[in-house]
Amino acid sequence: MTASLERVLRAFLKDPAAPRYGYDLMKATGLQSGTLYPLLARLKDEGLVDSRWEPPGKDGQRPRIYYQLTPEGVSRARLELAELSLDRGNTPARATRPVPGSAG
């Protein structure tokens, strides 16, 4: 998993039910559009993200595309981030100690 993908998934998982638009995700992740939008397109192709157009709002707001993790996307994001955390050794200390009396 790339650092950019990790940042995008973490941003989505802060509130998985909330639709996010591109500029909002750019601010949340610190990624540029040239990095963010190809990631979103790949996630959409994999069925992990849905998108929808929001019509222009009042006060001249331009139309926006909102992105949201699918139920499968939420599950996969949580799983992959948990595995990444384990790979980095971020497991609780108690989980790495042998059980007393075991052949550790």
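**Fold, sheet and pocket of the predicted model**

At 19% relative accessibility, S4 counts as buried, because the cut-off for that class is under 20%. The structure described here is a predicted model. S4 is found in helix α1, which covers residues 3–13. Apart from its neighbours within four places in sequence, S4 is in contact with L31, T35 and L39. T35 and L39 fall within the span of α3, residues 33–45.

The protein contains 5 helices and 3 strands. Along the sequence these elements follow the pattern α-β-α-α-β-β-α-α. Of the 104 residues in the protein, 31% are buried. Among contacts with a separation of 6 or more, 51% are accounted for by residues 24 or more positions apart. The protein exposes about 7000 Å², and carbon and sulfur atoms supply 52% of that area.

The 3 strands form an open sheet in the order β1-β3-β2, with antiparallel pairing. β1 and β2 stand at the edges and have a single partner strand each, so one side of each is left without a neighbour in the sheet. That partner is β3 for β1 and also for β2. Strand β1, residues 20–21, pairs with β3, residues 64–69, over 2 bridges in the antiparallel sense. In this pairing, R20 stands opposite Y67 of β3. Strand β2, residues 49–54, pairs with β3 over 6 bridges, again in the antiparallel sense. Here D50 has Q68 in β3 as its bridge partner.

The loop between α3 and β2 holds E46. At 38% relative accessibility, E46 counts as partly exposed, because that class lies between the limits of 20% for buried and 50% for exposed. E46 and G73 are 27 residues apart along the chain, and their C-alpha atoms are separated by 8.9 Å.

The largest pocket has a volume of about 250 Å³. Its lining consists of Y21, G22, Y23, Y37, W53, R62, P63, R64, I65 and Y67. By class, these lining residues divide into 7 nonpolar, 1 polar and 2 charged. The polar residue is G22 and the charged residues are R62 and R64. The elements that each supply at least two residues of the lining are α2, residues 22–29, and β3. The largest share, 3 residues, comes from β3. Y67, which stands opposite R20 in the β1–β3 pairing, is also one of the residues that line the largest pocket. The strand with the largest share of the lining is therefore also the one placed between β1 and β2 in the sheet order.

Methods. Residues numbered from 1 in each chain as written. Predicted model: local features only at pLDDT ≥ 70, side-chain atom pairs only at ≥ 80, totals over all residues. Heavy atoms only, no water. Helix = DSSP H or I, 4+ residues; strand = E, 2+ residues; numbered from the N terminus. Buried < 20%, exposed > 50% of the residue type's maximum accessible area, 1.4 Å probe, protein only. Contact = heavy atoms within 4.5 Å. Areas by Shrake-Rupley, 256 points an atom, 1.4 Å probe, with all protein chains shown as cover. 1 Å grid on protein atoms, 1.4 Å probe; cavity = no way out; pocket = protein on both sides within 12 Å on 5 of 7 lines; lining within 4 Å. Points joined across faces, edges and corners; volume = space filled by probe spheres on them.
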